[in-house]
Amino acid sequence: RTIYLKDYQPVPWVIRTVDLDFRLHEKGTRVISRLTLERNPAFTGQAAELRLDGEGLKPVWLRLDGSELHGDAYGIDDQGLVLFNPPEQFVLESEVELAPEKNTTLQGLYRSGSMFCTQCEAEGFRHITWYLDRPDVMARFKVRLEADRDKYPVLLSNGNPLERGELPDNRHYAEWEDPHPKPSYLFALVAGKLKYIEDSFETASGRPVRLRIYVEPENIDKCDHAMQSLIRSMRWDEEKYGREYDLDVFNIVAVNDFNMGAMENKGLNIFNSKYVLARPDTATDDDYLGIEAVIAHEYFHNWTGNRITCRDWFQLSLKEGFTVYRDQEFSSDMGARGIKRIDDVRMLRAHQFAEDDSPMAHPVRPASYMEINNFYTVTVYEKGAEVVRMQANLLGPELFRKATDIYFDRFDGQAVTTDDFVRCMEDASGRDLTQFRHWYDYAGTPELTVQGEYHPDEQVYRLQVRQSVPDTPGQKNKPPFHIPLVVGLLDSHGRDMPLDRSDGSARPELLEVMEKEQTFEFRNLPEAPVPSLLRGFSAPVKLNYPYSDAELVFLMAHDSDGFNRWDAGQELAQRVLLKLVEQAPEGADMLAEFTHAFHRALDAAHSDPALLSEVLSLPSESLLGERMEVVDVEGIHAAREQVKAHIGKRLHDDLLSHYRDLGEEGEYQVTPETIGRRRLKNLLLTYLTASGSREAVDLCVQQYQAGHNMTDVIHALTLVADGDHPARQELLDDFAARWHADPLVMDKWFSVQARSSRKDTLERVMALQEHPAFSITNPNKVRALIGSFAMGNPFCFHSADGKGYTFLVDKVLQLDGINPQIAARLLRSMARWRHYDKARRELARGQLERVAGQNGISRDVYEVASKSLQG
Ligand code: ARG
Ligand code: ZN
């Protein structure tokens, strides 16, 4: 059963107010609900009945306007409740029984450890009570919850706290009221034995806000970074977008069992503890950055998502694409902008480009789905953010701010579409973005093929740009997109030449590519330039330009655009690696050249360590795989190892002295400078270790034992665990002994082993499922062990014997009965099976067919399996 965007209809009745009463018990939890409903003026059709969503609810009673409903006035099936002929306006009251203690899906009301919590996006609320569980129904919520006083001293829900009090039988209650109408997916409650840290924030207009972060007692010393990130986010949204917070309190709760990263429930954000908890000895630099970004992301949703929400789930990118763009900009302002951009693009190319080139490809605004939970994707989130970024860059900062002001003003309190968003861009700028909207409607990564011609007699340079967008499932022969291509032209000294377009354009660096084939002309150029194309990654496209290796080296050294300096180096590295994969005769010379360039970059005075670490990083195995017609699993791995070892040996002593210079000094800090130094230092250690020198491996052990911070410790452990160093098992055991009681740290331990390229990795992964710290019901554990293996270890996962595929499908089928969302996500690691050789294709197809042919499989997993087989 597929749901289509074109079938969207407003609801016949809307819900105005919701009163919920939760009686939480270890067994036999009850939910009493009181809804006020009325005819929807926006509904134009005929409707005599009203269907409310509800799944897995055990009905106790139902009343309409105070009287018990007769059997002939309603019907209940496995999807919900149908009211026949309800009045224009009425009150619906109900009581249902739930079993949160048995809920392993982690949607709706469930238990994580000793607490109760909820996850309602996208369609979890229907597992709590009868409701119009869709985002265009926005209502005022009042919540009362009661539970045992000792086991659940903390009782939280959305909005502002009202009264609380004691009850007989050692129970107590609390009441909450959210003055802002909201869709059901933003409902939340938490009950548990929690501690909190508290701070405060005064909004620009003087509203005092009480900020709290609630965690399990043992984690109370790991919340400071999250709190500081929250305060910085609140200030930033006021300064950059004029958006203030709108309640008296803002609460965050960290839970261990969570399907995604976090959830923006109004006034009560619930987080995967991975994105809250950090201490220098338990969290890496990337963890710290991830916390800052996710705290900001969820906070920013208060305006882009909550105050203004989505009309339907096809519009998911309205809130997610925009909010990711906002959190990326926030992180850039807080840290190192250039590095952040490189990291974001690296991730986009590795995952989103791959998704776009797979049977799971879909537009930023999909036109259909079977299970909406399968559409919380890198396309909707990260490509969606790129689509907002392109609009921001097309308009420029002032007009973009004007456009977002219009958006917030025009749609506050409403559920709207991506089209409404684009119209604000048009209204603010007076531009026509009709063609730009293709970015929302068509899947696939556009490809630009560019050629340059210099005409010395005319002093003119012409750039000819051709675009094409590949066919994707269900979409063929796409029209040309509107693509912002930002360029520079370098003279022979590597300086930017002044740009003067023959068409007199006021922004000559911005080429707006709108046709299939288009030529842009620059005049008054005394010499032939080297073009620097797609600066700052101005559009999420693949770019082809016939650069010589020498030109790439030149751009790497001189381009004023930091992103393109890095990208030229990456392109060069890919060329070398792919030549080595092919075992082409020129590979050896190219490797020597590359090592030379590497050496020069390493020794260049005053280079920024963070940028240097990006420049010196090799493209990943998956990225290399995407550049091949048929992925050569072993060849890619071997080539990458060969390059690392070659550099490690050739530059050994130089790497070593730089490594020593970068050693830890003083107390651990999270600043762009210190993060950059640690990144570079650890990268150098990677090359040193690849050299196989005794000294290097000893350095790893020393770095591990020095234990300055988790970034250094886990990197050293990763390097030692990847080979067969004698100290390998000892260090792994030491780590587990030390951290067995800290689940987030143990996730790293599982992941390190699952990512190892050793021959016995799959065997180890299987054995580790029996480890006491592992749990198949905890998504973080599943991601750390099974996810790391299937998505972070292409060499072992795609092993020629097909054992990786069989193992994965075993796990998918096991998990499908526990948590279909997580099962479906794991299965995505097989979606690109057609890119492999015949033997692997047969093995993978067989496993996908095993899934698709399984009786009683979830909609989530069925959609991924069937689309993967079709596409
Ligand atoms: N809105 C959340 C975020 O972007 C994601 C929650 C989605 N959860 C889900 N089960 N589909 O942070
Ligand atoms: Zn989000």
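In this predicted model, the UniProt record, an unreviewed entry, assigns residues 226–437 to the domain "Peptidase M1 membrane alanine aminopeptidase". Helix takes up 55% of that stretch and strand 9%. Its two end C-alpha atoms sit 36 Å apart.

Two helices are worth a look here. Helix H1 runs over residues 224–241 and packs against H2, with 9 Å between their axes and an angle of about 45°. That angle falls outside the ranges for roughly parallel, roughly antiparallel and roughly perpendicular, so H1 and H2 count as oblique to each other. The crossing of the pair is right-handed. On the H1 side, the contact is made by His-225, Ala-226, Ser-229, Leu-230, Ser-233, Met-234 and Asp-237. H2 answers with Tyr-288, Ile-291, Glu-292, Ile-295, Ala-296, Tyr-299 and Phe-300. Sorted by class, this H1–H2 contact has 9 nonpolar, 3 polar and 2 charged residues.

H2 turns up again around the ligand. Ligand 1 is surrounded by 14 residues, and the closest ones are Glu-121, Asn-259, Met-260, Asn-373 and Tyr-376. Strand E20 (262–263) and helix H2 (285–300) are the elements that each supply two or more residues to this shell. As for its make-up, the shell around ligand 1 splits into 5 nonpolar, 5 polar and 4 charged residues.

Further along the chain, the picture shifts to strand. UniProt (unreviewed entry) puts the domain "Peptidase M1 alanyl aminopeptidase Ig-like fold" at residues 444–545. This span is 42% strand and 0% helix, and its end C-alpha atoms lie 20 Å apart.

Next comes a helical part. The record, again as an unreviewed entry, gives residues 549–870 the label "Peptidase M1 alanyl aminopeptidase C-terminal". Here helix accounts for 72% and strand for 0%, with 40 Å between the end C-alpha atoms.

One helix pair to pick out is H18 (residues 710–722) and H20 (residues 743–754), whose axes come within 9 Å and cross at roughly 30°. Angles under 35 degrees count as roughly parallel, so that is how H18 and H20 are described. H18 passes H20 in a right-handed crossing. Where they touch, Ile-714, Leu-717, Thr-718 and Ala-721 of H18 meet Lys-748, Val-752 and Gln-753 of H20. By class, the residues in this contact come out as 4 nonpolar, 2 polar and 1 charged.

Definitions and conventions. Residues numbered from 1 in each chain as written. Chains lettered and ligands numbered in written order. Predicted model: local features only at pLDDT ≥ 70, side-chain atom pairs only at ≥ 80, totals over all residues. Near = placed C-beta within 6 Å. Helix = DSSP H or I, 4+ residues; strand = E, 2+ residues; numbered from the N terminus. Nonpolar A, V, L, I, M, F, W, Y, C, P; charged D, E, K, R; others polar. UniProt positions renumbered as here; feature names shortened; annotations may be inferred. Axes fitted to C-alpha atoms, helices over the stretch in contact; angles between N-to-C directions. Parallel < 35°, antiparallel > 145°, perpendicular 65-115°, else oblique. Left-handed = near helix turned anticlockwise from the far one by under 90°. Contact = placed C-beta atoms within 7 Å.
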